[in-house]
Amino acid sequence: NIDFAVSETLLDGGEYTSYPDLQMYPILAGAIVAGYNLPNIGDGVVFDAATLSGVFEGTITDWDDAAIRALNPTLTLPNQNINVVVRDDASGT
């Protein structure tokens with residue numbers, strides 16, 4: 001018998017059907033951090049949700065994009081491509 005287990009992913013409907021007494025309760029929230037390597041940039045680059053989404057969707061591809069510049073008016077952002085790197089495994093993130 002298993003009385004307690006932890007998973008990062010939700011169970012599918014078939015698993016609930018197979019185990020009708022099964023209950024799932026969220027116990028924590030895992031943070032996902034977007035890091036960057038941009039030397040000599042000062043206090044850091046500010047992103048909002050729309051701009052960060054644009055980077056990961058591929059609609060914002062350069063550090064000096066107008067959307068990033070608008071959020072960081074005091075920074076001198078380089079005219080260079082943003083190289084997005086993500087995990088490529090079965091992780092939940």
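This is a short walk through the model, from the whole chain down to one residue. Keep in mind that what you have open is a predicted model.

**Stop 1: the whole chain.** Show the protein chain as a cartoon and color by secondary structure. You should find 3 helices and 0 strands, and reading from the N terminus the order is α-α-α. The chain is more spread out than a compact globule, because its radius of gyration is 20 Å, well over the 12 Å that the globule rule gives for 93 residues. Switch to the C-alpha trace and line the view up with the principal axes: the trace spans about 60 × 25 × 20 Å.

**Stop 2: contacts and burial.** Next, color by relative accessibility. What share of the 93 residues is buried? Buried residues come to 14%. If you have a contact map handy, look at pairs with a separation of 6 or more: residues 24 or more positions apart account for 33% of those contacts.

**Stop 3: the surface.** Turn on the accessible surface, which comes to about 7800 Å² for the protein chain. Carbon and sulfur atoms hold 52% of that surface.

**Stop 4: a nonpolar patch.** Now select Phe4, Val6, Tyr25, Ile27 and Leu28. These residues form a nonpolar patch on the surface, and together they have about 670 Å² of accessible area.

**Stop 5: Val6.** Keep just Val6 from that patch selection. Where along the chain does Val6 lie? Its place is in the segment before helix H1 (13–18). Is Val6 buried or exposed? Val6 counts as exposed, because its relative accessibility is 61% and the cut-off for exposed is over 50%.

Note on methods
Residues numbered from 1 in each chain as written. Predicted model: local features only at pLDDT ≥ 70, side-chain atom pairs only at ≥ 80, totals over all residues. Heavy atoms only, no water. Helix = DSSP H or I, 4+ residues; strand = E, 2+ residues; numbered from the N terminus. Rg over C-alpha atoms; globule rule 2.2 N^0.38 Å. Buried < 20%, exposed > 50% of the residue type's maximum accessible area, 1.4 Å probe, protein only. Contact = heavy atoms within 4.5 Å. Areas by Shrake-Rupley, 256 points an atom, 1.4 Å probe, with all protein chains shown as cover. Patch = residues over 30% accessible without salt bridge, like charges linked within 9 Å, V, L, I, M, F, W, Y side chains within 5 Å. Salt bridge = Lys/Arg side-chain N within 4 Å of Asp/Glu carboxyl O.
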